[in-house]
Amino acid sequence: MPLLKRKAFEKTAVSEYLRDDDEVFHCEITDEIFKDYEEYCERVILVNSMVWTCEMTGRNNLTYAEALESEKAARRSLKDFPMELRIPILYLATKTKRCSFAEMSEDVFNFVRERFFVGETVEACLEGDQWREAHVLSITAQKQRPDNKSMLPPAAYCYEVEQFADDPTESGQIGTAPHDRVRRRKGIYTRDKNRLFLKQFVAPGTVIGVKRAALDKYNIAKVNFEQIFTGNPPEFPSSKKLIKSSMSPPTTSKLLAKPGSTSKLNRSLKKPSPDKKGRQESMDKFVKKTDKTEAKPKTPIDPAARKTQQDLADKMRKAEELMRQRKEEEKLKKKEKNARVMAFMKEWQKVKDDQELEDHKVIPKGTVVEVEGISHKHFGDFLSVLEFVQNFSEVLKVKDVFHNELDMETFRKALTTKENAWMFSELVQMFLTTIFSLQEDEAEEYNEKKGIQESVENEQIEGPASTSRAMELATKAGKWAQTYLGTSLSKLPLDPTTVSEVLRLHLLSSGGAAGARCAAWRHHQRGGYSSADDPALRLRATSPELLRRLRSRHLADLAMGDKFLVMQCLMNQILSYATVRDQVEEKIEEYKNLKQALRMLQISERKREPQLTAARVELKKETALRKEELKLTGDQAKLADDQLTMAIDKLKKESEAKKLENEKKTKELQAQLFDYTTYVGSDRAFRRYWISRRVAGLFVEAGVEPRGPCRNKPLPPPPAPTDDVMAYVTELYHSEKEQAGSDKENESAANSRSGSPKKPLTNLNGLTHKLNGVDPSTQHCRDLLLCTADTNTCYVHGKGDYRPQWWVYNTEEQIEQLIESLNKRGLRESELRQNLELEREHLVEYIKKCPLVYLTPGAAQLQPQIAPTTRRRLQPSLKVPPDCSLSEALELSLRDHILELEEKIFHGCLGALQVKDREAWRGTIMLRGYDKQADYLSWGPSKQFRDDYHQPDGLLRLPHDIDKSEIEIIAENKYRDPGHCLEVSKVNGVKSEPEEDSPAAKPDVVRGLACALLQVAQSIHQKYLRRPLGLDEKERRDREARHRPLELEALERWEVSLLESRSFAALALHLLALDSSVSWAASVLNASCRVCRRRADPDSMLLCDGCNKGHHLYCLKPKLAKVPEGDWFCEQCKPKEKTPRKRRKLYTEEKPEEELDDRCV
């Protein structure tokens, strides 16, 4: 039971007069019940105060629970204390002569530690290196001179031991072993256990002894040293206090003297009397002397001498008092100093910001990441794209695009090489396709849920004027595709040649104002999302030059930073949709459930052992109660005990099985939780630690984000590290105190010099001590990643070529060194260290898969060979020859498509070019030129625009000799590209010029190909054009019925936007729109003969103008020699000819002549 004020604590007894409805207060720690709340509060405060002492160990300044736990731990430690050592230790304790228990315990331990006693179980090695358990039979010692009574060293003894045999019925091997071939089992006898054991049996006094009860219990008085060991009992040294007391016995004068008195009388009385007859004789001598002197007359004492003696005595008393006061002051100062040191240590042990700690270790450097073609500035974005594709592969349908998964090397090649630029285009196509699909799903969902509260008007545009203007322009840009291409943006064809223009249109149209139902649905289902939150809206505001470059360049020709800006924008858009948000929330819920399951499993494991103990106690109680009730004795009682043993064994087995099951489940849950871990923490220098799920390894990022200002001054160098924490903290306290004093002196000296500039000591007399141009103290701070108080040299707060930078840890040794170097007292590093230690097992196994050969150049020799995996080879959708650029490859591809389209139209009898020489026109295009074979081309509504006058963006280029009257007739082209309102970005209020980082398409080449495509479009007969640029059959008939002109307004708008194109991607998009509008079913190339059902001989195929079905000229009846002029209809579609009707006589019945005659009569 814990001690309170050196007395055993007694619990308050429960009142016998408690009723069922009484209100009581239960103290769980002491298991007491109180009726008075104040008594209950006093007891709770008392048990939580650090005023308790452990009864067994003597530890003080503990709470009640800590003292109770200390007693339990002590009992557990003494439970396995060897019985063979108890009698020898108690016997040796009676031979000690110590006033301090610590000294007595140390004497006994030093003697017993390397000596072994008769009957003790030890481990002995008699043959070879095989150690086996044995017990000591006897001890022999080296011979010693009779007059030499000094204690022999432990190495002077040999032990006769008997090793235990494997079979208990057989006797073991007996032999003699020297001192170094005998040992105790590890941990069976230690200094703490020896001290704890003796603590239970010692009795306090002038000389520490053993309690009488212990001596009687173990019969120590009857024990002979020869029985337990050999030779004479040891002579232990006495305490210094006992030696002094024996040399100077106490006297009467010593008791009467004042403490600290130095009078002559006291000094004379302290000396031992030379008289051997004792103190009484010496006192009689003084009495006799005084009797003799009484007979003599007293000589008068001089008053001056008396006064002098009194003054001298007063001075001596004052000196003694002053000395005593000084000692008390020194003692008080020492106490205050210790208190300040302890307060400093308490403050030192608190968790602080990492930059305020001085006891840092050097963090081991990982392997520097040097991916070919990817700089440190963009490596973080590189990893984020890979992680995004990995986590949302089902939403993105990655396997439909890349067949397997987007790995690191494939993505790197797609970003850096022109031969693999098509893969980057495929990646952006995948993002755009996903966005369009999510938009359709969203539209279907909010159209189905018509119960959503709607606003009266469209989405209100709130915020600054720039945002409102941007949303207004986005709303207009969203209608461009339907207006000029006849197709909505999400339905435009996507391939490597058109993806750049589709992406540009998507970025320009994102963030437009939505309808009422759509805005309300987004607000409810997408977490308060509005059009102003669209990532593309912010991209247009921060990087408008990116969209300007997209108008004339291909996506793969952009700079690396622009590529990542585009992908980050598309990824952020995907993350904002409700479907993806639901998936993210499901993942978060799964993570919470896994953590909760792991927590419950850990709680269950902690309860398992107490539950086993409680069940065991309950079984014992039940067995004892049953034996008492049934009065079982003899065999019946033994049978009950056997049943109890079996039941306890069963409980133990079930508990062990449950333990193994819990361990297995814990490992599974921890492995699943590790799959969710991405961000691990940050270190003292604010570097972030990441675990990438796509690229194995522990990555370290030194980002470029601002980290605040530097410190006013760097940390002073700490003292040399030692194992003794108290000594280290004391030395640190004194060094900081001295540093503070020197700082004050420097400040006062600076003030006395009237603000004279300070000069560092290293620069005096022109001497400098620098290493590579850096001061040693600065270099020390940089090695430890601490602030140097100078932004020019500080790795933490400064800005230089060391930020951004990436490293990777890929070996177990690096992880171990990293964990060891992190400071436990740091605010950030303590959390990082805890997370790393928690995930150490899984992390070490995971980083073995690190593809170091791709992360660091020259690591191919160090990286182990990995077995190649079978992967499907992707077929490139756009081939770029080695001897040309991507822009040239796009140009050649577009020329081929234009020529192919014209050939299909010509040979399909769908139209013909309005040129003088078709073959020359085609040959010029094949030779990367263009000849329109006309003075000018006209297009647009009523063909009012000319290619020689009207230039892109509404510019007019008129000849000098044109009349003013003709100028007034020329129509103005009011078409503007949807991105014409993009503002140029400003740096410090000044517009920055766009950088020509990659070659753009040449305007004259784009203009020539646009004119060539215009000629192809104008060569198609209008009746073979359908939606989106032409008219459907129903619309055509309706216009003919109403006698309205068959003008193709959609085609005219298409022509206007075609001639305003600036890139090959825009031309390809217009080409595909035209191609989808041609009625290819009416082409001769696709027609089959209705008679012979063969597609052969297309030159002799005649198409019906009614059903567009083919007929060979020679299969008709009668056969035709050539294609007839005008419309021709087959037998089924040919209108029936009307034959002229002749007048015919009407048939009437004529009556016989006889009847007529009778009537006449």
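This briefing covers the sheets, one enclosed helix, salt bridges, a surface patch and an annotated segment of the structure. The model is predicted. Its strands include an open sheet of three and an open sheet of five, and the salt bridges come to 53. Helix H3 (residues 86-94) is largely enclosed by the rest of the structure, because seven of its nine residues are buried.

**Three-stranded sheet**

- The strand order is E2-E1-E5, with antiparallel pairing in an open sheet.
- E2 and strand E5 (52-53) are the edge strands; each has a single partner strand, so one side of each has no neighbour in the sheet.
- Strand E1 (residues 3-4) runs antiparallel to E2, and two bridges join them.
- Leu4 is placed opposite Lys7 of E2.

**Five-stranded sheet**

- This open sheet has the order E9-E8-E7-E6-E10, and its pairing is antiparallel.
- At the edges are strand E9 (174-177) and strand E10 (182-183), each of which pairs on one side only.
- Strand E6 (residues 121-124) and strand E7 (residues 132-141) are antiparallel and share four bridges; across this pairing, Val122 faces Ala134 in E7.
- Between E7 and strand E8 (residues 157-163) there are seven bridges, again in the antiparallel sense.
- Ile139 has Tyr159 of E8 as its bridge partner.

**Strands E14, E15 and E16**

- Strand E14 (residues 679-682) is joined to E15 by three bridges in an antiparallel arrangement, with Tyr679 opposite Trp690 of E15.
- The two strands make a hairpin with five residues between E14 and E15, and Phe686 in that turn has a positive phi of about 65°.
- E15 also runs antiparallel to strand E16 (residues 698-702), to which four bridges join it.
- Arg688 has Glu701 in E16 as its bridge partner.
- Six residues lie between E15 and E16 in their hairpin; Gly697 in the turn has a positive phi of about 140°.
- Side chains alternate along strand E15 (residues 688-691): Tyr689 and Ile691 point to one face and are buried, whereas Arg688 and Trp690 point to the other and are not.
- Arg687 and Asp683 form a salt bridge through their side chains, at 2.8 Å from N to O, and both residues are buried.

**Helix H3 and its cover**

- The buried residues of H3 are Arg86, Pro88, Ile89, Leu90, Tyr91, Leu92 and Ala93.
- Helices that contribute to covering them include helix H2 (64-79), helix H4 (101-112), helix H5 (191-199), helix H6 (212-218) and helix H7 (225-228).
- Strand E12 (209-210) is also included in this cover.

**Arg43 and Glu32**

- Arg43 is located in helix H1 (residues 37-47).
- A relative accessible area of 14% makes Arg43 buried.
- Leaving aside residues up to four places away in sequence, Arg43 touches Phe9, Thr12, Cys27, Thr30, Glu32 and Phe34.
- With Glu32, Arg43 forms a side-chain salt bridge at 2.5 Å, N to O.
- This pair links distant parts of the chain: Glu32 belongs to strand E4 (residues 32-34) and Arg43 to helix H1, eleven residues apart.
- Glu32 counts as buried because its relative accessibility is 1%.

**Other salt bridges**

- The side chains of Glu103 and Arg98 meet at 3.5 Å, N to O, in a salt bridge.
- Glu103 counts as partly exposed, at 35% relative accessibility, while Arg98, at 13%, counts as buried.
- Glu902, Glu903, Arg918, Glu919 and Arg922 are joined into one network by salt bridges that share partners.

**Nonpolar surface patch**

- Val14, Leu18, Val24 and Ile33 make a nonpolar surface patch of about 270 Å².
- Within this group, Val24 lies in the loop between strand E2 (7-8) and strand E3 (25-27).
- Val24 is partly exposed, since its relative accessible area is 35%.

**Annotated segment**

- UniProt, in an unreviewed entry, lists residues 577-604 as "coiled-coil region".
- In the model, residues 577-604 are 96% helix and 0% strand, with 41 Å between the end C-alpha atoms.

Methods:
Residues numbered from 1 in each chain as written. Predicted model: local features only at pLDDT ≥ 70, side-chain atom pairs only at ≥ 80, totals over all residues. Heavy atoms only, no water. Patch = residues over 30% accessible without salt bridge, like charges linked within 9 Å, V, L, I, M, F, W, Y side chains within 5 Å. Areas by Shrake-Rupley, 256 points an atom, 1.4 Å probe, with all protein chains shown as cover. Salt bridge = Lys/Arg side-chain N within 4 Å of Asp/Glu carboxyl O. Buried < 20%, exposed > 50% of the residue type's maximum accessible area, 1.4 Å probe, protein only. Pairing = 2+ DSSP bridges. Contact = heavy atoms within 4.5 Å. UniProt positions renumbered as here; feature names shortened; annotations may be inferred.
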